[in-house]
Amino acid sequence: MARSSSGIVAGLTAAALAAVGFLGYQASASAPAHPAAAAQQPSASASAAPSQSGAPQAPGKAAPVPADSGSGVRVVYSAAQKRVWLVGEQGTETKTFTVMPSTVHPKAGSYAVTSRKGAIPGSDGVPIEHVVLFATTDGVVVGFSARTDGATPEPDATKKTGGIRMARGDGDAMWNFATVGVKIVVMP
């Protein structure tokens with residue numbers, strides 16, 4: 001009996017490591033081929049962002065946490081708004097920031113952080129850090145990450161990627177907040 005339990009644990013560990021590696025590959029594959037191209041891309045950490053109604057927010061005024069995002073400690077993610085909210089105790093927002101969505105989006109609903117990786121070198125050599133995984137959609141692992149160079153280029157629409165990119169400082173905040181088991185709420 002103990003022997004089969006060890007096999008299951010080893011299999012699950014191998015699957016988790018493969019998923020982390022695959023996300024790193026996907027995230028790095030979405031990076032521009034030339035560093036100058038990244039500099040021309042708009043930053044995902046701009047303070048103006050669309051509101052829930054689609055109207056732009058005034059500069060410096062971030063969109064409020066969506067009212068229908070649940071309760072308790074959670075990360076709320078909206079691909080449509082290109083925004084994440086880190087929500088602490090009693091529903092208080094601790095931080096919100098814009099992100100660059102991946103090309104593959106998880107369905108709306110509640111998830112949990114399944115694993116994390118401090119740093120992964122991308123297959124193109126671009127270092128990626130603060131990898132927080134929470135879903136698999138159409139065989140693509142989905143999670144949050146930051147490039148160590150701080151760039152947040154738009155992903156190549158012809159590739160299936162699951163890396164939701166954020167500025168490096170926002171990656172620090174995500175890493176400190178979203179430990180394994182923390183709830184992730186995906187909004188439409």
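This passage describes the fold, strand pairing, nonpolar cores and two selected residues of a predicted model.

The protein chain contains three helices and nine strands. Along the sequence, these elements follow the order α-α-β-β-β-β-β-β-β-β-α-β. Of the 188 residues, 44% count as buried. The exposed surface of the protein chain comes to about 9,100 Å². Carbon and sulfur atoms supply 59% of that surface. Contacts across the sequence were also examined. Among those between residues at least 6 apart in sequence, 57% join residues at least 24 apart.

Strand β7 spans residues 140-147. Its eight residues are all buried. Val140, Val142, Phe144 and Ala146 point one way from the strand. Val141, Gly143, Ser145 and Arg147 point the other way. In a regular strand, side chains alternate between the two faces of the sheet. Strand β7 has pairing partners in β6 and β8. With β6, residues 127-137, the pairing is antiparallel and runs over seven bridges. In this pair, Glu129 stands opposite Ala146 of β7. With β8, residues 163-165, the pairing is parallel and holds three bridges. Here Ser145 stands opposite Arg165 of β8.

Strand β9 covers residues 183-187. Four of its five residues are buried, so the strand counts as mostly covered, with burial set at under 20% relative accessible area. Strand β9 pairs with β1, residues 74-78, in the parallel sense. Five bridges make up this pairing. One of the matched residue pairs is Tyr77 with Val186 of β9. Strand β4, residues 109-112, also joins β9. These two strands run antiparallel and share four bridges. Across them, Ala112 has Lys183 of β9 as its bridge partner.

Nonpolar side chains tend to be buried together in soluble globular proteins. In this model, the largest nonpolar core has 22 residues. Val75, Val84, Leu86, Phe134, Phe144 and Met174 touch the most other members. Strands β1, β2 (83-87), β6, β7 and β9 each supply at least two residues of this core, as does helix α3 (168-177). Another core, of six residues, lies apart from it. Its members include Ala63, Val76, Val87 and Val185. Within the largest core, Leu86 serves as an example. Its contacts, leaving aside neighbours within four places in sequence, include Arg74 and Val75. Thr92, Glu93, Thr94, Lys95 and Phe97 are also in contact with Leu86. Ala173, Met174 and Phe177 are among its contacts too.

His130 lies in strand β6. This residue counts as buried because its relative accessibility is 8%, where the cut-off is under 20%. Not counting residues up to four places away in sequence, His130 touches Lys117, Gly118, Phe144, Ser145, Ala146, Arg168, Gly171, Asp172 and Trp175. One of these, Arg168, is 38 residues from His130 in sequence. Their C-alpha atoms are 8.6 Å apart. The side chain of His130 also makes a polar contact with the side chain of Asp172, at 3.1 Å.

Backbone angles were examined next. Most residues other than glycine have a negative phi. His130 is not a glycine, yet has a positive phi of about 55°. Asp138 is likewise not a glycine, and its phi is positive at about 50°. Asp138 sits in the loop between β6 and β7. The hairpin formed by these strands has two residues between them. Asp138 counts as exposed because its relative accessibility is 65%, where the cut-off is over 50%. His130, by contrast, is buried.

Definitions and conventions
Residues numbered from 1 in each chain as written. Predicted model: local features only at pLDDT ≥ 70, side-chain atom pairs only at ≥ 80, totals over all residues. Heavy atoms only, no water. Buried < 20%, exposed > 50% of the residue type's maximum accessible area, 1.4 Å probe, protein only. Pairing = 2+ DSSP bridges. Contact = heavy atoms within 4.5 Å. Areas by Shrake-Rupley, 256 points an atom, 1.4 Å probe, with all protein chains shown as cover. Core = buried A, V, L, I, M, F, W, Y, C linked by side-chain atoms within 4.5 Å. Polar contact = N/O pair within 3.5 Å; in protein donor to acceptor, adjacent residues only side chain to side chain.
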